[in-house]
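Thanks for coming, everyone. I have one structure to walk through today, so please keep it up on your screens while I talk.

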Amino acid sequence: MSDAEWESLCDGCGKCCLHKLIDDDDPEETVYYTDVACQLLNTETARCSQYAIRKSLVPDCVVIHRDNVHELTYMPQSCAYRRLAEGRGLASWHPLRNQGSQRAMIAAGISAVSRVISEQDTDEDLELRIVTWPLYDSE
């Protein structure tokens with residue numbers, strides 16, 4: 001798979017850009033998603049506003065590669081990279097199965113479009129911003 005093909009697997013849901021809390025005291029290391037997004041995420045489109053240079057602007061931004069996808073256990077169940085790594089294939093709502101459109105993904109409740117706020121717009125404790133919708137995987 002070429003780099004361009006790999007990149008095309010990203011469904012653009014924006015869930016990977018949400019701040020997550022991981023309970024290190026829990027042997028399962030439970031992941032809690034918040035509705036607070038990285039400052040670079042456009043909350044109306046769920047796309048990174050500075051994708052090409054995101055790593056230089058946000059040093060802890062994780063770049064998903066074929067060689068690290070199995071280690072990224074905090075990625076949502078709906079993530080195409082995770083789905084493929086687990087042998088589940090692309091979901092019916094994935095943009096690659098819908099002529100590049102995200103409408104089916106948004107209708108399925110997978111996308112962060114208009115469901116999140118930027119970290120720049122809140123100083124609230126992240127524990128008060130925990131949400132469960134990012135855990136949802138329609139298939």
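**Strands, cysteines, salt bridges and a pocket**

Start with one pairing: Ile22 has Val31 of β2 as its bridge partner. Before I go on, a reminder that this is a predicted model.

That contact belongs to a longer pairing. Strand β1, residues 18-22, and β2 run antiparallel, joined by 4 bridges. β2 has further partners. Strand β6, residues 130-131, is also antiparallel to β2, with 2 bridges between them. There, Thr34 stands opposite Ile130. Strand β5, residues 117-118, pairs with β2 too, but in the parallel sense, again over 2 bridges. In that pairing, look for Val36 opposite Ile117.

So how much of β2 is buried? Of its 7 residues, 31-37, 6 are buried, so the strand is largely enclosed by the rest of the structure. Keep in mind, as you turn the view, that side chains in a regular strand alternate between the two faces of the sheet.

Now two backbone oddities. Go back to the loop between β1 and β2, and you will find Glu29. Its phi is near 50°, a positive value in a residue other than glycine. Glu29 is partly exposed, at 45% relative accessible area.

The second one is Ala46. Ala46 also has a positive phi, about 60°, and is not a glycine either. Look for Ala46 in the loop between β3, 41-42, and β4, 47-48. Buried or exposed? Ala46 is buried, with a relative accessible area of 4%.

Next, the cysteines. How many disulfides does the structure hold? The count is 0. Take Cys17, which is in no disulfide; its nearest cysteine sulfur belongs to Cys16, 4.0 Å away. The cut-off for a disulfide is 2.5 Å between sulfurs, so that pair does not qualify. Cys17 is partly exposed, with 23% relative accessible area.

Then Cys48. Why is Cys48 without a bond? Its closest cysteine sulfur is in Cys17, and at 6.1 Å that is too far. Cys48 is partly exposed as well, with a relative accessible area of 23%.

On to charges. The structure holds 7 salt bridges. I will pick out a few.

Arg83 pairs with Asp137, and their closest N and O atoms are 3.0 Å apart. This one links distant parts of the chain: Arg83 is in helix α3, residues 80-85, and Asp137 is in the segment after β6, 54 residues apart. Where do the two partners sit, at the surface or inside? Arg83 is buried, with a relative accessible area of 4%. Asp137 counts as buried too, at 18%. The limit for buried is under 20%.

Asp137 also forms a salt bridge with Arg88, with closest N and O atoms 2.9 Å apart. Here, too, distant parts of the chain are linked: Arg88 is in the loop between α3 and α4, 103-107, and Asp137 in the segment after β6, 49 residues apart.

Arg88 has another partner. Glu86 forms a salt bridge with Arg88, at 3.1 Å between the closest N and O atoms. Both of these are partly exposed: Glu86 has a relative accessible area of 42%, and Arg88 has 31%.

Put those together and you get a network. Arg82, Arg83, Glu86, Arg88 and Asp137 are linked in it by salt bridges.

Last stop, the pockets. Rolling a probe the size of a water molecule over the atoms shows where empty space is left. In this model the largest pocket has about 890 Å³ of space. Its lining has 36 residues, and the closest to the pocket centre are Cys16, Cys17, Leu18, Cys61 and Val62. You met Cys17 earlier, as a cysteine in no disulfide.

Which elements supply the lining? β1, β4 and α3 each supply at least two residues. The largest share comes from β1, with 4 residues. And the chemistry of that lining? It divides into 24 nonpolar, 4 polar and 8 charged residues.

To recap. β2 is largely enclosed, with 6 of its 7 residues buried. Disulfides number 0, and salt bridges number 7. Asp137 is bridged to both Arg83 and Arg88. And β1, which pairs with β2, gives the largest share of the lining of the largest pocket. That is my tour; over to you.

Terms used. Residues numbered from 1 in each chain as written. Predicted model: local features only at pLDDT ≥ 70, side-chain atom pairs only at ≥ 80, totals over all residues. Heavy atoms only, no water. Buried < 20%, exposed > 50% of the residue type's maximum accessible area, 1.4 Å probe, protein only. Pairing = 2+ DSSP bridges. Salt bridge = Lys/Arg side-chain N within 4 Å of Asp/Glu carboxyl O. 1 Å grid on protein atoms, 1.4 Å probe; cavity = no way out; pocket = protein on both sides within 12 Å on 5 of 7 lines; lining within 4 Å. Points joined across faces, edges and corners; volume = space filled by probe spheres on them. Nonpolar A, V, L, I, M, F, W, Y, C, P; charged D, E, K, R; others polar.
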